[in-house]
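Okay, thanks for making time, everyone. I'd like to walk through one structure with you, so let me put it on the screen.

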Amino acid sequence: YPQCKISVRSDSGSWNICEPPATEDLLKDFLYKREKGELLIQKSKRLKNNLLKQMQLSVSKDGFVHFGDTVMLLSPENNKSPMENYPAVCGNLTLSVNPDDLTVHTSESLQVPCGVSAVKSVNPVGRNAFRILRFGVLFGQNFGLGATGGFTNQMLYLASDHKSFMRFAKKSYLQQVFFTDELSYLTCWQATFLDPQLRLEYEGFPVPANTKVLITHCHTNRGLAVPRNFWIRSYFGKEYEVTCHTYLDSHKAEEDKNYWIIVTANPSGDGVTMFDRPKPPSEETREREKNELYAGT
């Protein structure tokens, strides 16, 4: 840019006044940054394209979850009465990366610490696809959950820590869940069998895919949960807060706010995921269809 060219003198001294950059220089700088992809709008577009990029989930050949699998974590629709939950909160939700607005508008990659939210979309994209890390997945065994956000050279890890005066969930004031770029004990999780009476018997067994399980944080021993009555506003719209809190009913069993399904891909290719695959007809339905067929002939 041109340097100071105008010199002003007075009785109290002299000083220089800088001329503003010429229009030609601004245009050259703009064209240079656009060619290099350094404009803020270009960086923001790359980030959003990666977050919303279609992802391919792993296929489970034996029905279990394995190390290195790419999966979705789905909070299934609860069975509470409409009087207990708001109508908008009903439905299936998936765990997702939730960058703040400043990151979305100014960065071309995810920045830490990064937020977590639950979204209504059940299609696997960069935001809600996770990779199983570190160990094989058995009931009672530690594992990690990594999210790439659609990038090939970046990995963030799902983590949590004890609640403090400075660190807590913004809406519910419960234990916060976040993404970090450092592997530690704060990023360790365990899968727990759903039925408390059979929990010890299933200790050490492989974790089945596409089945309801509990996901517990190892450091704090609290369950990953979606309260469903606290929503947050993000760049992508209205989403729901994710916390680490174990909700217990009157029988000391976990409520459906702590239920999760580890979703894999559909091997038949008829749908995107196993969650989209239609359920096989029951014996009663088969018998009824058989009788209708015979009656028609």
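Let's start with Y202, which sits in the loop between strand 10 (189-192) and strand 11 (212-217). One thing to say right away: this is a predicted model, so everything I quote is computed from it.

So, is Y202 buried, partly exposed or exposed? With a relative accessible area of 32%, Y202 is partly exposed. And Y202 has company: together with L198 and F205 it makes a nonpolar surface patch of about 260 Å².

Stay in that loop for a second. N210 is also found between strand 10 and strand 11, and its backbone is worth a look. N210 isn't a glycine, yet it has a positive phi of about 60°. As a reminder, most residues other than glycine have a negative phi. On accessibility, N210 comes out at 28%, so we call it partly exposed.

Where else do we get a positive phi without a glycine? At Y173, with a phi of about 65°. Y173 belongs to the loop between strand 8 (156-160) and strand 9 (175-180). At 51% relative accessibility, Y173 counts as exposed, since the cut-off for that is over 50%.

One more backbone item for the force-field people. Which two residues does a cis peptide bond join? They're V112 and P113, and omega there is about -5°. Most peptide bonds are trans, of course. P113 is in the loop between helix 3 and strand 5 (115-119).

Helix 3 gives me a link to helix 2. Helix 2 runs over residues 40-51, so 12 residues, by the DSSP assignment. From first C-alpha to last, helix 2 reaches 17 Å, close to the 16 Å expected at 1.5 Å a residue. Which residues of helix 2 are buried? That would be S44, L47, N50 and L51. They cover an arc of only 130° around the axis, which is why they end up on the same side of helix 2. And what does that buried set pack against? Helix 3, residues 101-106. If you turn to the face of helix 2 pointing away from the buried side, you find the exposed residues I41 and K45.

Now over to W231, in strand 13, residues 231-234. W231 is partly exposed, with a relative accessible area of 37%. Leaving aside neighbours within four places in sequence, what does W231 contact? The list is K171, K238, E239 and Y240. Take K171 from that list. K171 and W231 are 60 residues apart in sequence, but their C-alpha atoms are 7.7 Å apart in space.

That brings me to the overall picture. Take contacts between residues at least 6 apart in sequence: 63% of those join residues at least 24 apart. In terms of secondary structure, the protein has four helices and 16 strands. There are 297 residues, and buried ones make up 42% of them. The accessible surface comes to about 17,400 Å², with 53% of that belonging to carbon and sulfur atoms.

If you want places to click on afterwards, I'd go for the cis bond between V112 and P113, and the two positive phi values, at Y173 and at N210. That's it from me, over to you.

Technical notes. Residues are numbered from 1 along each chain as its sequence is written. This is a predicted model: local features need pLDDT of at least 70, side-chain atom pairs count only at pLDDT 80 or more; totals for chains, interfaces and linings use all residues. Side-chain values use heavy atoms; hydrogens and water are left out. Helices (H or I, at least four residues) and strands (E, at least two) are DSSP runs, numbered from the N terminus. The expected span of a helix is 1.5 Å times one less than its number of residues. Buried means under 20% relative accessible area, exposed over 50%, partly exposed in between (1.4 Å probe, protein chains only). The arc is that of the directions from the helix axis to the C-beta atoms. Contact means heavy atoms within 4.5 Å. Patches are made of residues with over 30% relative accessible area and no salt bridge: like charges are joined within 9 Å, nonpolar side chains (Val, Leu, Ile, Met, Phe, Trp, Tyr) within 5 Å. Accessible areas come from the Shrake-Rupley method with a 1.4 Å probe; for residues, only the protein chains shown count as cover. A salt bridge is a side-chain nitrogen of Lys or Arg within 4 Å of a carboxyl oxygen of Asp or Glu.
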